[in-house]
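Colleague: I would like to learn how to read a helical model step by step, beginning with the overall fold and ending with single residues. Could we go through one together?

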Amino acid sequence: MSAFRRGFFCIGLSYASNLGRLSGALVRRQAMKIPTVIRKNWISLSAIGGLCAVPFSQKQDNLSHEALVRRASSLVTDSTNTFLSQTTLALVDSFTQYVKTIHTLVTLHKHYVASGSKLTPSEEDSVWQVIVRQRQEVSDLREDCKRFESNWMMAINLSKLAAETAYNAGADQASVTAQTSLQVAQSHVNQIRQLFMEAEKKLKESTAEDSQRIKLPAAMEEEDIPEAYLRED
């Protein structure tokens, strides 16, 4: 009877072991079906979750609290540098697109004013519709610039705070890197902002955004009307 129980116990262990391996394989196969980006985020979140699970009183690798704070402040500056880089790129691109659209609108409006009276009604209508669309695009891009500039200012403030925090924590290299990123970002934005302001001034002087449509002479408006319709019965 004892031998039977030992045999039954061994069978149970073997079944449990096989079940564990099967479950692990199923989990791995399910994980492989998840898109690569999600898997990476999953792994990162798992790592963060494991780090957060460590008790606060426990030190890693026998490091001092000061060393852990320096390491944490360096990680913060890395994150703020990434945020600053992305918001700077978004702001510079939106400013650049806005400036290009303004120049297109001003040039088109100038041509419309100069030759509008020489255009046929159909040509005048086509050009005017293009001007209307350009005005709408300028308005939409202006809102994009405001939104991205707000994000960029937030990134600037966070980077300044992170650089100061890293310096106070003794992470000098991280602080210097953050300050350098700040200077580069501000330099890029200042350059494109100058073009932005010049384009705004040019747009205002041209009245291309709020001018009225040209009224064609009555004779020109009736030019395409067949003579048969103009004769009185």
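Modeller: What follows is a walk from the whole chain to helix pairs and then to single residues, and please keep in mind throughout that this is a predicted model.

Colleague: Where should I begin, and how many helices and strands does the secondary structure of the protein come to?

Modeller: Begin with the inventory of elements, which here comes to seven helices and zero strands, so that the pattern read along the sequence is α-α-α-α-α-α-α.

Colleague: What share of the residues of the protein counts as buried, and what area does the protein expose?

Modeller: Of its 233 residues, 24% count as buried, while the exposed area is about 16,600 Å², with carbon and sulfur atoms supplying 59% of that area. As for the contacts with a separation of 6 or more, 81% of them join residues that are 24 or more positions apart.

Colleague: Turning to helix pairs, how do I read the angle at which H3 and helix H4 pack?

Modeller: The general idea is to take the angle between the N-to-C directions of the two axes, where values over 145 degrees count as roughly antiparallel. Helix H4 covers residues 121-169, and H3 packs with H4 at an angle of about 160 degrees, their axes being 6 Å apart. The pair is therefore roughly antiparallel, and the crossing of H3 and H4 is left-handed. Sorted by class, their contact has 29 nonpolar, 13 polar and six charged residues.

Colleague: At what angle do the axes of H3 and H5 cross?

Modeller: The axes of helix H3 (residues 65-115) and helix H5 (residues 172-206) cross at roughly 15 degrees and come within 9 Å. Because angles under 35 degrees count as roughly parallel, H3 is roughly parallel to H5. H3 passes H5 in a left-handed crossing, and the contact of H3 with H5 has 19 nonpolar, eleven polar and three charged residues.

Colleague: Now for single residues: is His109 buried or exposed, and which residues is His109 in contact with beyond its neighbours within four places in sequence?

Modeller: A residue counts as buried when its relative accessible area is under 20%. His109, which sits in helix H3, has a relative accessible area of 5%, and so it is buried. Leaving aside neighbours within four places in sequence, His109 is in contact with Ile131, Arg135, Ser206, Thr207, Ala208 and Ser211.

Colleague: Thr207 is in that list; where does Thr207 lie?

Modeller: Thr207 lies in the loop between H5 and helix H6 (218-221), and is partly exposed, with a relative accessible area of 38%. Its backbone also deserves a look, since the phi of Thr207 is near 55 degrees, a positive value in a residue other than glycine.

Colleague: How would you read Ser175 and Lys160 in the same way?

Modeller: Ser175 is found in helix H5 and, at 2% relative accessibility, counts as buried. Beyond its neighbours within four places in sequence, Ser175 is in contact with Ala163, Ala166 and Tyr167. Lys160, by contrast, has its place in helix H4 and is partly exposed, with a relative accessible area of 44%. With neighbours within four places in sequence again left aside, Lys160 is in contact with Leu182 and Gln186.

Colleague: How many residues apart in sequence are Lys160 and Thr80?

Modeller: Lys160 and Thr80 are 80 residues apart in sequence, and their C-alpha to C-alpha distance in space is 9.1 Å.

Methods:
Residues are numbered from 1 along each chain as its sequence is written. This is a predicted model: local features need pLDDT of at least 70, side-chain atom pairs count only at pLDDT 80 or more; totals for chains, interfaces and linings use all residues. Side-chain values use heavy atoms; hydrogens and water are left out. Helices (H or I, at least four residues) and strands (E, at least two) are DSSP runs, numbered from the N terminus. Buried means under 20% relative accessible area, exposed over 50%, partly exposed in between (1.4 Å probe, protein chains only). Contact means heavy atoms within 4.5 Å. Accessible areas come from the Shrake-Rupley method with a 1.4 Å probe; for residues, only the protein chains shown count as cover. Axes are lines fitted to C-alpha atoms, for helices over the stretch in contact, and angles run from 0 to 180 degrees between N-to-C directions. Angles under 35 degrees count as roughly parallel, over 145 as roughly antiparallel, 65 to 115 as roughly perpendicular and the rest as oblique. A crossing is left-handed if the near helix is turned anticlockwise from the far one by less than a right angle, and right-handed if clockwise. Ala, Val, Leu, Ile, Met, Phe, Trp, Tyr, Cys and Pro count as nonpolar, Asp, Glu, Lys and Arg as charged, and the others, Gly among them, as polar.
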